[in-house]
Amino acid sequence: MSLNARYITDYTRSEIVSDAGLLRTMHEDRKSVFIDTLQWPLTAQGSLEIDEFDHADAVYLAGKDYTGVHRASIRLLDTEGRHMLADLFPYLCEGEIPRGPDIKEVTRYTPSPRAKASERLIWRNMMARAVIEYGLLTGIRAYTAVCDISFLSQLLSVGWRCDPLGLPQSIDGSAIGAFIFYVEEDSLSKFKQSWRYPRTAYSVTPKELQHAA
Amino acid sequence: MSRLSDVQSFIDISRGLRNPADLEALLQSITREMGFDHFALMQHVDLTPFQKELGHMVTGQLIGLSDYPEHWIDQYIDDNIVTYDPVLLASQRTNVGFSWSQLDQLIEMKRPHLEQLERGRKAGIGDGFTVPSNVPGEANGSCNFVVRSGRELPRKELMMAQLVGSYAFEAGRSIITHAKTSLVQKVQLSPRQIECIVLVGRGKTDWEISRILGIAESTVKDYINDAKARYNVVKRVQMVIRAVYDGHLPISELLR
């Protein structure tokens, strides 16, 4: 299982749309995780989960295996535009909703159920590292996230600075809360041992090569 | 002050703590503030290293802080209640806080479980709210907030307790991570070895595992014998349990 050559990179909506294999498998994995397993009240489009926030301004951080199949992804939304905390869950935020060019909302963290658990853990760690690396490289100061409380322990266990934006609420039988976590120079050094990935996880290069080809 | 700012100041103070006694005092005060009487922050592991003076946290052995009545803590550890406490069993089944009145929705309550709750009540532990902290790759744990027997849970404060419990566990984890010396070494297993253990846990024989993984049966035996040796156990089932307990594989992996 060589993961050495793997990386996570950023895609605009139009870029990910032009990578048909990644696009399809990502939306399939999202259906499998959020609708089939977690049973969130989302609507499937056939075998895919796609919603109104998969719009032209969405950015994805995604990793794929050597055959081009989705392995892990998140979706980043502009907090100055339409995003979930402002449009769907404003009541989860007690004060003003954090917005700005340097704050992005993280949604739909999707580890691929196609991968074995041991491999998913590696991708999880790559993704956590990539989120910070991407933030440091592109001037993001913080990420907001609407988070199912069942995921909170994991979110906190990474080691990064993470604060609640309001008290959690019960919605459709599950508890959901809004959180903000910060991108700081020392974020990666604060990562707990079990979350560490020993190499750079985020890379822009492969996409540039792809464009040049 | 709003409940959120109470939580935020708890988080801000707890974040930098290195001394377990400080976290204990902080938790004790916010526990009362929320309308509970006692708390127990713990990993669901063998609690025998627990010491009143918190040496087990100073050395990074395990997370365990509580202001339960002393005789109950002693009894809890001496009788090894951690292995059949229905609250902890239920806590492995969810990652969201639950009150103890909902226990029967999470696990089948058998006679020993009911007896255990009754013993707790006699010792002064009434109703409770448990915030699980189950993170893949780590020992399971929870933060429990309880009221004395005969008192009602502070229902309005449960969402606050959910946040405080999650952050408290993280603070406990930070303290022991920081303190951890080479005293506790997790057993090292290779990825191949873990694959074999998963398949053992799914009931496969060595021959079946060798077919599935495309390796020789003797290699499978070697991997498994080596893992058993590393855990100092003789039976395969013990090895599987240890590997789950260690966090080498999530239990969900065995149920596929």
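Visitor: In this predicted model, how much of chain B counts as buried?

Guide: Burial is read by counting neighbours around each residue, and a residue is called buried if 20 or more other C-beta atoms lie within 10 Å of its own. In chain B, 37% of the 256 residues count as buried.

Visitor: How does A:Leu136 fall on that scale, and where does A:Leu136 lie?

Guide: A:Leu136 is partly exposed, because 16 other C-beta atoms are found within 10 Å, and this residue belongs to helix α4 of chain A, which covers residues 117-138.

Visitor: What helices, strands and domains should I look for in chain B?

Guide: Chain B holds 13 helices and five strands. The radius of gyration of chain B is 20 Å, close to the 18 Å that the globule rule gives for 256 residues, so chain B is as compact as a globular protein of that length. The chain is divided into domain 1, residues 3-179, and domain 2, residues 191-254, and the C-alpha centres of these two domains of chain B are 32 Å apart.

Visitor: Which parts of chain B touch chain A, and what kinds of residues do they offer?

Guide: An interface is read from both sides, and here the contact takes 29 residues from chain B and 20 residues from chain A. On the side of chain B, α1 (3-15), α8 (158-179) and α9 (191-201) each supply at least two residues, with α8(B) giving the most, 10 residues. By character, the residues of chain B that touch chain A divide into 15 nonpolar, nine polar and five charged.

Conventions. Residues are numbered from 1 along each chain as its sequence is written. Chains are lettered from A and ligands numbered from 1 in the order in which they are written. This is a predicted model: local features need pLDDT of at least 70, side-chain atom pairs count only at pLDDT 80 or more; totals for chains, interfaces and linings use all residues. Two residues are in contact if their C-beta atoms, placed from the backbone, lie within 7 Å. Helices (H or I, at least four residues) and strands (E, at least two) are DSSP runs, numbered from the N terminus. Ala, Val, Leu, Ile, Met, Phe, Trp, Tyr, Cys and Pro count as nonpolar, Asp, Glu, Lys and Arg as charged, and the others, Gly among them, as polar. A residue is buried if 20 or more other C-beta atoms lie within 10 Å of its own, exposed if 12 or fewer, and partly exposed in between; C-beta atoms are placed from the backbone. Domain bounds come from an automatic or database domain assignment. The radius of gyration is taken over C-alpha atoms; the globule rule is 2.2 Å times the number of residues to the power 0.38.
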